[in-house]
Amino acid sequence: MSLSNQQLERYSRHIILKEVGGKGQAKLLNSKVLVIGTGGLGAPAAMYLAAAGIGTIGLVDFDAVDLSNLQRQIIHSTGDVGKPKVLSGQETINDMNPDVKVVAYKEWVGSNNIMDIIKDQDYDFIIDGTDNFPAKFLINDACVLSAKPFSHAGIIRFQGQTMTYIPGKGPCYRCVFKNPPPPDAVPTCSQAGVLGVMGGIIGTIQATEAIKYILGIGDLLNGYLLTYDALKMDFRKIKIPQRKTCQVCGESPSINYLQDYEQAVCDL
Amino acid sequence: MRIRTNGEEVILERSVTVEELLILLKVEMPEYVTVQINDEFIDREDFSVREINEGDEIEFLYFMGGGEN
């Protein structure tokens, strides 16, 4: 695919990078990234992916924009309150970059639809921007079972963490955390609060991982959990091993189908 | 005995198990934390028997769920 003059100008700061070039930019324009959750993490991730010229961006969210979202979910504006988040996100991206095709899925992910959503556009990379453990484990298992790379992340208060799963190259989320905690055992942002910028920092790291994966450059966070403490202004990259006994990616996996875990009542 | 937990040096006066260390350091949500010693995951069933040794590099990994709402 050859780039138009407008594209050469729009992406000139990418193209000048020897690790990207015109060829790399064409790869980005031909790539497809699925962003599950268009909130604190998914909003900034999707915006940077759109600006970078990722050709197809899938947005999954059943929710509508709430006034309390606007402190951090920068893809949505004041006039979007009450509008489905995927529609608001689609409008922002369309305004930002006409090169991007947005596919909106106004749904919650569950065991019944996640495989179909991933297969719908045969996405190259998946970003987990969800806020609850049933969804995080579901995304992990779906990506492991369908051999898709994905970026996990979580944020709360002044802390964040992220890791990248690459099929056959290191641990999955379940290697580290095994099973979801019981509903309500671990606080969510709506209960415990979160500094608005946390999603920006961690979400843009997720977007960076997606872009690097598509370009095939640098080192990814597979085999590492990156943790960030904003109060201490401290990043730590913790090496994590693959668990041979992992229920989904281990040597003799017991999970070969998707399951829905119980959701904390306060999140519903 | 000197060890490191989440990158910070900790001095222990006596040898302890993982279970005792979680209490001693007042680790949050000890029932859900993932414990890694020297790049190896420690099974929860072993917390009460696995002793901490001089120089161990210990990581407490926490569930972090937020991000969407």
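Angles under 35 degrees between helix axes count as roughly parallel, and this cut-off is needed for one helix pair in the predicted model shown here. In chain A, the axes of helix α4 (residues 42-51) and helix α5 (residues 85-96) come within 9 Å and cross at roughly 25 degrees; α4(A) and α5(A) are therefore roughly parallel to each other. The crossing of these two helices, α4(A) and α5(A), is right-handed. On the α4(A) side the contact is made by A:A46, A:M47, A:A50 and A:A51, while α5(A) contributes A:G89, A:T92, A:I93 and A:M96. Sorted by class, the residues that form this contact between α4(A) and α5(A) comprise six nonpolar and two polar residues, with no charged ones.

Turning to chain B, one finds one helix and five strands, arranged along the sequence in the pattern β-β-α-β-β-β. The C-alpha trace of chain B spans about 45 × 25 × 20 Å along its principal axes, and of the 69 residues in chain B, 20% are buried. Among the contacts in chain B with a separation of 6 or more, 64% are between residues that lie 24 or more positions apart.

The two chains also touch each other, with 17 residues of chain B in contact with 35 residues of chain A. On the chain B side of this contact, the elements that give two or more residues are the strands β3 (34-37), β4 (40-41) and β5 (57-61) of chain B. By class, that side of chain B has six nonpolar, seven polar and four charged residues.

Conventions. Residues numbered from 1 in each chain as written. Chains lettered and ligands numbered in written order. Predicted model: local features only at pLDDT ≥ 70, side-chain atom pairs only at ≥ 80, totals over all residues. Contact = placed C-beta atoms within 7 Å. Helix = DSSP H or I, 4+ residues; strand = E, 2+ residues; numbered from the N terminus. Nonpolar A, V, L, I, M, F, W, Y, C, P; charged D, E, K, R; others polar. Buried ≥ 20, exposed ≤ 12 C-beta atoms within 10 Å, placed from the backbone. Axes fitted to C-alpha atoms, helices over the stretch in contact; angles between N-to-C directions. Parallel < 35°, antiparallel > 145°, perpendicular 65-115°, else oblique. Left-handed = near helix turned anticlockwise from the far one by under 90°.
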